[in-house]
Amino acid sequence: MSGRARRIVLAGCFVAIVVATVVFVTCGGDNTPPAKSDPIRAAKVIHRRSATVGPDLAPPATSSTVVLEGQVIDEDDRPVEGARLTLQREPNPVTATSEGDGSFTLAAVPEGDYFVVASKDALTSPPATIHVGTRTEPITLRISRGCDARVHVVAAEDNSPIAGATVADPLGHSGTTAPDGTTELRGLVCDNIALRARAPGRESLVLPVGLAHGDIEDLTITLARGATLSGTVIGPDGALVANAHVYITTLGRFDFQFPRRVTADANGEWTSDGLAAGSYELEGASDLYTKADPFVVELDGIHDRTGVVVHLDTGAQLVGKVLDQRGAPVADALVEIAAETSRWATSTRTDATGAFAFLGIPPATYVVSASGPASASTHQRVEAPDHQRVEIELRVADSSIAGIVVDTRGEPIADVDVVAISSDTPNGTFRRAITNGAGRFDVGGAPPGSYRLFARRRDQTDDDGDGVIVRSGNRDVKLVLPD
């Protein structure tokens, strides 16, 4: 009925978005700061009924994709051949290799926000975030000398070296430990990187690190014994649920470990290895159902545990259509929902008939909106009770934000990341764009309201500044960045 919903999960190693100081903004018309927020009106509800369950409700596994192009260069602006470009986002990164002229092309990249890095041997580019969408301009990544680490992997029980352990970062750098338990990794991102170490019969552990340029840095990762946990996922109708996710969270242990996410196969079966002795909280989720009450299992780190059943619940269902002002369906519109009292949010796209569906979402009151390339609906409020199916209608009209980024001399700046964050919604709905060669940006459809705009150069890492406030519909924004 709709494109597959994308749940927002903060996981992995890179979760910070940095922005730069914006000196001033000039816009066409009145520059008076807008009111703090506009009232969010109730959505137009067409029907309310009991939710139904079953695999026939599954939305098709399609998503909007785009082509991303760019070039990798060195510190002297020379093209770099054979550099690895990585767009990092859960669950799987997207990668490419640069050609002889440093250029690269990534076809069919799912639209969304990514952490992007280019690397080759001991060279790496500064970490950056990028939104990949229909308006994304070609990007340029400059690589220079990265940081190096010598990693020692040892056993928790006696600090003896572990041979054959794998140590890797999320960007493709990896190594296997020698008999002395040591491996070396070169060209790592220096800040906010995380290394994952794993070995047969041992836990899989993530270690956050911050490295400095210069001499190779020595790090030690201690691995305890680890066991395997496996089982099945069952839906509210008692049937096995294919492709469901199981989240495994470590309890009573202060470390950097994010919840593990493992995916069930076509038979609803899942497995996760490398779990140390301890208590773990389990819960599941899927495109059809929401999580049931979490539960805890105990592992001794030595003996495997099988046959663990993870249950799913029906949850709430929010479905509907997106129409334009004439009542015609809007295909491929982005529909976003955000719970008012939590940080839970997700999005999906409409099909050819303008239809969308959010199935198995947590019961809550949601703020919902729809947007296209240059149009959007208002933010609207709708209550989605447990085990209820609520059908709504959203209407879009012309509404977007666009402008130019210049330096203090008035010269346009290309390749600047511009972020527009809503001031009117609980989870800060945001849009992103990259300036083109003329310094122009267009964040596309933005639901009517107030937005705070931030901008930063790709090589800038500071996050000072409060940004500037504009209203949607303003297409003559001027942002000035200091040198």
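Analyst: Buried here means a relative accessible area under 20%. The model we are looking at is a predicted one. Happy to take your questions!

User: Are Cys147 and Cys190 buried or exposed?
Analyst: These two cysteines are joined to each other by a disulfide. For a residue to be called buried, its relative accessible area has to be under 20%. By that cut-off, Cys147 and Cys190 are both buried.

User: How many residues apart are the two cysteines of that pair?
Analyst: A search of the whole structure turns up one disulfide, and its sulfur atoms, in Cys147 and Cys190, are 2.0 Å apart. Cys147 sits in strand S14, while Cys190 is in the loop between S17 and S18. The bond therefore links distant parts of the chain, with a separation in sequence of 43 residues.

User: What is the handedness of the disulfide between Cys147 and Cys190?
Analyst: The torsion about the S-S bond is what to look at here, and for Cys147 and Cys190 it comes to about 100 degrees. With that torsion, the disulfide is right-handed.

User: Which strand gives the most residues to the largest nonpolar core?
Analyst: In soluble globular proteins, nonpolar side chains tend to be buried together. The largest such core here has 25 residues, and the members touching the most others are Val151, Val153, Ile162, Val167, Leu195, Leu211 and Leu223. Strands S9, S14, S17, S18, S19 and S20 each supply at least two of its residues. With five residues, the one that gives the most is S14.

User: How many residues does the other core hold, the one with Leu275 and Val297?
Analyst: That core lies apart from the largest one. Leu275, Ala276, Val297 and Leu312 are among its members, and its residue count is 23.

User: Which cysteines does Leu211 contact, beyond its neighbours within four places in sequence?
Analyst: Leu211 is one of the core residues that touch the most other members. Its contacts include Asp148, Ala149, Leu188, Val189 and Leu219. The cysteines in that list are the two joined by the disulfide, namely Cys147 and Cys190.

User: What kind of aromatic pair do Trp344 and Tyr366 form?
Analyst: This is one of two aromatic pairs in the structure. The ring centres of Trp344 and Tyr366 are 6.2 Å apart, and their planes stand at 70 degrees. Because an angle over 60 degrees counts as edge-to-face, the pair of Trp344 and Tyr366 is edge-to-face.

User: Which partner has a relative accessible area of 0%?
Analyst: Trp344 lies in the loop between S30 and S31 and Tyr366 in S33, so the pair ties together parts that are 22 residues apart in sequence. Trp344 is partly exposed at 24% relative accessibility. The partner with 0%, which is buried, is Tyr366.

User: How far apart in space are Leu334 and Ala370, C-alpha to C-alpha?
Analyst: Leu334 is in strand S30, and with 13% relative accessibility it counts as buried. In sequence, Leu334 and Ala370 are 36 residues apart. In space, their C-alpha atoms are separated by 5.5 Å.

User: Which arginine does Asp407 touch, leaving out residues up to four places away in sequence?
Analyst: Asp407 belongs to the loop between S38 and S39. Its relative accessibility is 8%, so Asp407 counts as buried. Its contacts include Ile413, Val480, Leu481 and Asp483, and the arginine is Arg457.

Note on methods
Residues numbered from 1 in each chain as written. Predicted model: local features only at pLDDT ≥ 70, side-chain atom pairs only at ≥ 80, totals over all residues. Heavy atoms only, no water. Phe/Tyr/Trp six-rings, centres within 6.5 Å; stacked < 30°, edge-to-face > 60°. Helix = DSSP H or I, 4+ residues; strand = E, 2+ residues; numbered from the N terminus. Buried < 20%, exposed > 50% of the residue type's maximum accessible area, 1.4 Å probe, protein only. Core = buried A, V, L, I, M, F, W, Y, C linked by side-chain atoms within 4.5 Å. Contact = heavy atoms within 4.5 Å. Disulfide = S-S within 2.5 Å.
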